[in-house]
Amino acid sequence: MGKYTIGVDFGTLSGRAVLVDVSDGSELAGAVFDYPHGVMDETLPDGTKLGMDWALQHPQDYLDVFGSAIPAVIKKSGVSPNDVIGIGIDFTACTLMPTDKNGEPMCFKDQYKSNPHAYIKLWKHHAAQNEANRLNDTAAKRGESFLSRYGGKISSEWMVPKVMQIVNEAPEIYDACDRILEAADWCIWQLTGVETRNSCTAGYKALWSKRDGYPSDDFYAALDPKLKNFVGEKLSRVVLPIGGKAGVLTEEAARLTGLLPGTAVAAANVDAHVSAPAVGITRPGQLLMIMGTSTCHIMLGDEVKIVPGMCGVVEDGVMPGFAGYEAGQSCVGDHFEWFTENCVPEDYRREAAKKNMDIHQFLTGKASGLEPGQSGLVALDWWNGNRSVLVDADLTGLLVGCTLQTKPEEIYRALIEATAYGTRMIIDTFAESGVPVDELFACGGIAEKNALMMQIYADVTGREIRISGSPQAPALGSAMFGAVAAGSAAGGYDTIYMAVGPMSKIKDTVYRPNKKNTAVYDLLYAEYKILHDYFGRGANDVMKRLKKIKLGKIC
């Protein structure tokens, strides 16, 4: 009989499970469970209103993924649970939650159900930007060495600013909770009955270093006296490496998932980072774009180098033995979804319906008929702030060049091009910092479905792009780490490198840059850079002033 593993990818709107053959990485079955609570960005389930830039989730949705998607793939595949040797999971990050000492989320408790800070703060929760600004100022004044590992700025999306916001706005939640942890680690806790912390989220999102650990208690005290013992009281100094075994399924978790008690469970991972081995990345110079609502850029390096505006460089953060670099764009798929929901005329929707196309397919088709530069438009891709290289959630979107003749498909294409320029800015910054990018890989729904967008990215970056062979690369990567947690004795692998050869997947499709198009895009990218630096580096802070006026914070 064959041996199999299960990977579960917890995304922004749903959880996806795949059941994978350990021998060759083939995916026998997949299942998706849409979160019933979705992303809570306006109200809590009881109607409590949320402020601007909030993005919360409900932990029950994650448990329902385990109880729905995993039994579904077992049923679809016909595989016996006896032959499932391991399970791995990955998550969007930083996705943070407070719990009591037993792991019960604070939002499950009646007295806190109406308190937004008792819920999970999703990765794109940006309401802690003021706290991020204070953290960065404090770290810079103190000369904290960790700051350079994150390109000089800590994002409001990460753990410590979000914790600071809880302390500032809901100290009763901070005082009452016993643990603050990534949702990924909480889910592993629910599976194994053991609290663990994974090195990927700790390193990239919680300021932890393999060599130095967390920042000092004195630093946290400088942020707020209440935080002096934050690490010792709310976190854990025991951090499991990627590829580590977190434990085994408990009896309760086995009943929930339909798997057997004692099944190996891998340490949790981040969705972007776990995708690298799934496409076969094992050496420096290979950059992976994980393209969805946002885009993460992941690559390996021989050594740790300081790259301005990156999300972080972590030793062993992606693959053991290498420095793992992360960058990203906060708004990609969300960018296009905003446009279709708010800016597309009804006659376009009717025409799309007649052709049995969704509106994205329809706009993409019309945009495909345009030449680079034909619209006369250039845009900045900051509709949800800038993650890299400016690390500023207060920046907003910009579209330049519109006339009374501008068509929706021209704007749609300009928004696609803007995200490609943002990726090129990241690639150029890596190269200028001594971390060259030789090859591009892409995975995710956009890479899988939108050939126009991938060709634009190839033309803008001037590089070939290869596409993941799996439509669920993060889940496949998690399944690979599940095989490593099980080990060769159980039919798995002893290292992730041993799993890459047989289990990783790449399509034959290669997008190659069109030299004529690249020449035009070089000119447009130059204009993008001027706008990028003018509005993003302090020459004109109009975006931030407008945001203050919007919030009623008029001096």
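This report walks through the strands, helices, cores and local backbone features of one predicted model.

## Ground rules

Residues are numbered from 1 along each chain as its sequence is written, and side-chain values use heavy atoms, with hydrogens and water left out. Because the model is predicted, local features need pLDDT of at least 70 and side-chain atom pairs count only at pLDDT 80 or more, while totals for chains, interfaces and linings use all residues.

## The seven-stranded sheet

Let us start with an open sheet of 7 strands, in the order β14-β15-β13-β12-β18-β19-β20 and with mixed pairing. Strands here are DSSP runs of E with at least two residues, helices are runs of H or I with at least four, and both are numbered from the N terminus. Two strands pair if DSSP finds at least two bridges between them. The edges belong to β14 (312–315) and β20 (506–511); each has a single partner strand, so one side of each is left without a neighbour in the sheet. From one strand to the next, the twist averages 25°. Axes are lines fitted to C-alpha atoms, for helices over the stretch in contact, and angles run from 0 to 180 degrees between N-to-C directions.

At the β14 edge, 4 bridges pair this strand with β15 (residues 323–329) in the antiparallel sense. One of the partnerships links glycine 312 to glutamate 326 in β15.

## Helices across the sheet

Two helices lie across strands of this set. Helix α11 (residues 271–278) crosses β12 (286–291), β13 (295–301), β15 and β18 (439–443), and runs at about 125° to β12. Helix α17 (residues 451–461) lies across β12, β18, β19 (465–468) and β20, at about 145° to β12.

## Two nonpolar cores

A nonpolar core is a set of buried Ala, Val, Leu, Ile, Met, Phe, Trp, Tyr and Cys residues joined through side-chain atoms within 4.5 Å. Buried means under 20% relative accessible area, exposed means over 50%, and partly exposed is in between (1.4 Å probe, protein chains only). The largest core has 64 residues, of which Met291, Phe430, Met454 and Ile465 touch the most other members. Helix α15 (residues 408–432) gives the largest share of this core, 12 residues. Another core, of 45 residues, lies apart from it and includes Leu56, Val160, Leu207 and Val231.

Methionine 454 deserves a closer look. Not counting residues up to four places away in sequence, methionine 454 touches Met289, Met291, Ala442, Ile446, Ala447, Ile465, Ile467 and Tyr511, where contact means heavy atoms within 4.5 Å.

## Strand β6 and alanine 55

In β6 (residues 96–99), Leu96 and Pro98 point one way, Met97 and Thr99 point the other way, and all are buried. This strand runs antiparallel to β8 (residues 179–182), joined by 4 bridges. Within that pairing, leucine 96 has glutamate 182 as its bridge partner.

Alanine 55 sits in the loop between β3 (27–34) and β4 (56–57) and counts as buried at 3% relative accessibility. Leaving aside neighbours within four places in sequence, alanine 55 is in contact with Val39, Met40, Ile120, Lys121, Leu122, Lys124 and His125.

## Aromatic rings

Rings of Phe, Tyr and Trp (its six-membered ring) pair if their centres lie within 6.5 Å; planes under 30 degrees apart count as stacked, over 60 as edge-to-face and the rest as tilted. By this rule there are 20 aromatic pairs. One of them is the tilted pair of tryptophan 338 and phenylalanine 339, at 6.4 Å centre to centre and 55° between the planes. Tryptophan 338 is partly exposed at 32% relative accessibility, whereas phenylalanine 339 is buried at 1%.

Phe10, Tyr35, Tyr62, Phe66 and Phe91 form one aromatic cluster. Elsewhere, the charged end of lysine 234 sits over the ring of tyrosine 174, 4.6 Å from its centre; for this, NZ of Lys or CZ of Arg must be within 6 Å of the ring centre and within 35 degrees of the ring normal.

## Backbone details

A cis peptide bond leads from alanine 93 to cysteine 94, with omega near 0°, and cysteine 94 is in the loop between β5 (84–91) and β6. Serine 388 and valine 389 are also joined by a cis peptide bond, with omega about 20°.

Valine 389 lies in the loop between β16 (378–380) and β17 (398–400), and valine 391 lies in the loop between β16 and β17 as well. Valine 391 has a positive phi near 50° and is buried, with a relative accessible area of 9%. Asparagine 356 has a positive phi of about 55° although it is not a glycine, and is exposed at 71%.
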